[in-house]
Amino acid sequence: TTEPALTFTVSGLQFTDTQAAVLTGVLTRVAGETVAGSPYAITQGSLAASGNYTISFTGSTLSITPAALSVTADSKSKTFGAPDPVFTVTYLGFVNGDTASALGGLLTITRVPGEGVGNYTITPAGLTSMDYTLTFHTGALTIIAPASVILSLQRAGTTGIVLTWTAVSNATYRVQYKSQLDATNWTDLAGDVLASASRASMTDVLTPTNRFYRVQLLP
């Protein structure tokens with residue numbers, strides 16, 4: 001952050017003398033901008049007094065404290081069965097032109113294991129710094145189901161028809177139909193289907209009129 005003004009307190013002025021009338025010059029401090037080098041000595045610098053005074057200077061220090069830096073795992077998504085994407089993080093709080101190369105340690109990004117449809121926490125860790133107070137924030141990997149493909153319909157005796165579709169194991173599906181594609185509303189078939197493998201199926205009654213079907217993955 002911006003350097004604070006280096007100030008001082010005066011004692012020993014006589015009569016009506018004022019600090020502004022007696023003293024000239026400014027204080028200085030030892031150069032440095034890191035927490036590791038802190039505190040830095042504040043010295044007399046060019047501060048001088050008129051001929052009526054001899055300065056007895058007592059120095060002090062300037063302390064530099066760590067800046068706040070957040071490291072947040074970027075949220076990602078993938079389709080079920082695909083490899084995990086490359087996990088990355090976003091930094092917020094770098095100062096003085098610093099980048100991730102200014103940090104120590106080794107960045108690790110892990111996620112909660114699992115391959116079913118759902119959300120899995122992504123956790124960053126491992127980085128260190130003297131100049132920054134690090135706060136790590138999680139993200140999420142969302143695994144989404146691939147679009148279901150309805151396979152060829154099969155007759156079930158004389159009164160039924162079997163719908164089969166590609167599925168994700170342990171995911172729940174709802175089958176709906178309507179008689180006209182331009183109809184506004186879909187009608188649910190009774191009972192949702194919990195898939196136990198890569199295919200799922202449901203039996204509907206055989207009707208003399210058209211039925212158009214769709215399969216929905218439930219949350």
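Trainee: In which sense do β7 and β12 pair, parallel or antiparallel?
Mentor: Good place to start, and keep in mind that this is a predicted model. Four bridges would be the thing to look for here, since β7 and β12 are joined over 4 bridges. Across this pairing, K76 stands opposite L141 in β12. The sense of the β7 and β12 pairing is parallel.

Trainee: Which residue of β12 is the bridge partner of Y120?
Mentor: Let's turn to the other pairing of β12. Strand β10 (residues 118–128) and strand β12 (residues 139–144) run antiparallel and are joined by 5 bridges. There, N119 stands opposite T142. For Y120, the bridge partner in β12 is L141.

Trainee: What is the order of the strands in the open sheet of 4 strands?
Mentor: We can build it up from the pairs. β12 pairs with β7 in the parallel sense, and β10 runs antiparallel to β12. The pairing in the sheet is therefore mixed, with β7 (76–79) and β9 (104–111) standing at the edges. The order is β7-β12-β10-β9.

Trainee: Why is one side of β7 and of β9 left without a neighbour in the sheet?
Mentor: Look at the two ends of the order β7-β12-β10-β9. Neighbouring strands here are turned by 20° against each other on average, direction ignored. One side of β7 and one side of β9 lack a neighbour because each of these edge strands has a single partner strand.

Trainee: Which residues make up the covered face of β12?
Mentor: β12 has two faces to sort out. The uncovered face holds A140, T142 and I144. T142 is the residue opposite N119, while L141, on the other face, stands opposite K76. The covered face is made of G139, L141 and I143.

Trainee: What is the average twist from one strand to the next in the open sheet of 3 strands?
Mentor: That sheet has the order β13-β14-β18, with antiparallel pairing. Its edge strands are β13 (154–156) and β18, each pairing on one side only. From one strand to the next, the twist averages 35°.

Trainee: Which residue of β14 stands opposite Q154?
Mentor: Stay with β13 and β14, which pair in the antiparallel sense. Their pairing runs over 3 bridges. Opposite Q154, in β14, stands V162.

Trainee: Which residues touch the most other members of the largest nonpolar core?
Mentor: This core has 17 residues. β14 (160–166), β15 (172–178), β18 (199–205) and β19 (212–217) each supply at least two residues of it. Those that touch the most other members are W165, Y173, V175 and Y213.

Trainee: How many charged residues are in the lining of the largest pocket?
Mentor: The largest pocket holds about 460 Å³ of space. It is lined by 23 residues, with T9, V10, S11, I55 and S56 nearest its centre. By class, its lining has 14 nonpolar and 9 polar residues, and the number of charged ones is zero: there are no charged residues.

Trainee: And how many charged residues line the second largest pocket?
Mentor: About 390 Å³ of space lies in the second largest pocket. Of its 19 lining residues, T1, E33, I64, T65 and N96 are the closest to its centre. The lining has 8 nonpolar and 6 polar residues, and the charged ones number 5.

Trainee: Is T133 buried, partly exposed or exposed?
Mentor: T133 is found in strand β11 (residues 132–137). Its relative accessible area is 43%. Buried means under 20% and exposed over 50%, so a value in between makes T133 partly exposed.

Trainee: Is F15 buried or exposed?
Mentor: F15 lies in the segment before α1 (19–22). F15 has a positive phi of about 55° although it is not a glycine. Its relative accessibility is 85%, and over 50% counts as exposed, so F15 is exposed.

Trainee: What phi does N170 have?
Mentor: N170 lies in the loop between β14 and β15. At 63% relative accessibility, N170 counts as exposed. N170 is not a glycine, yet its phi is positive, at about 75°.

Trainee: Is the peptide bond from S38 to P39 cis or trans?
Mentor: P39 has its place in the loop between β2 (28–29) and β3 (40–43). For the bond from S38 to P39, omega is near 0°. That peptide bond is cis.

Terms used:
Residues numbered from 1 in each chain as written. Predicted model: local features only at pLDDT ≥ 70, side-chain atom pairs only at ≥ 80, totals over all residues. Heavy atoms only, no water. Pairing = 2+ DSSP bridges. Axes fitted to C-alpha atoms, helices over the stretch in contact; angles between N-to-C directions. 1 Å grid on protein atoms, 1.4 Å probe; cavity = no way out; pocket = protein on both sides within 12 Å on 5 of 7 lines; lining within 4 Å. Points joined across faces, edges and corners; volume = space filled by probe spheres on them. Nonpolar A, V, L, I, M, F, W, Y, C, P; charged D, E, K, R; others polar. Core = buried A, V, L, I, M, F, W, Y, C linked by side-chain atoms within 4.5 Å. Buried < 20%, exposed > 50% of the residue type's maximum accessible area, 1.4 Å probe, protein only.
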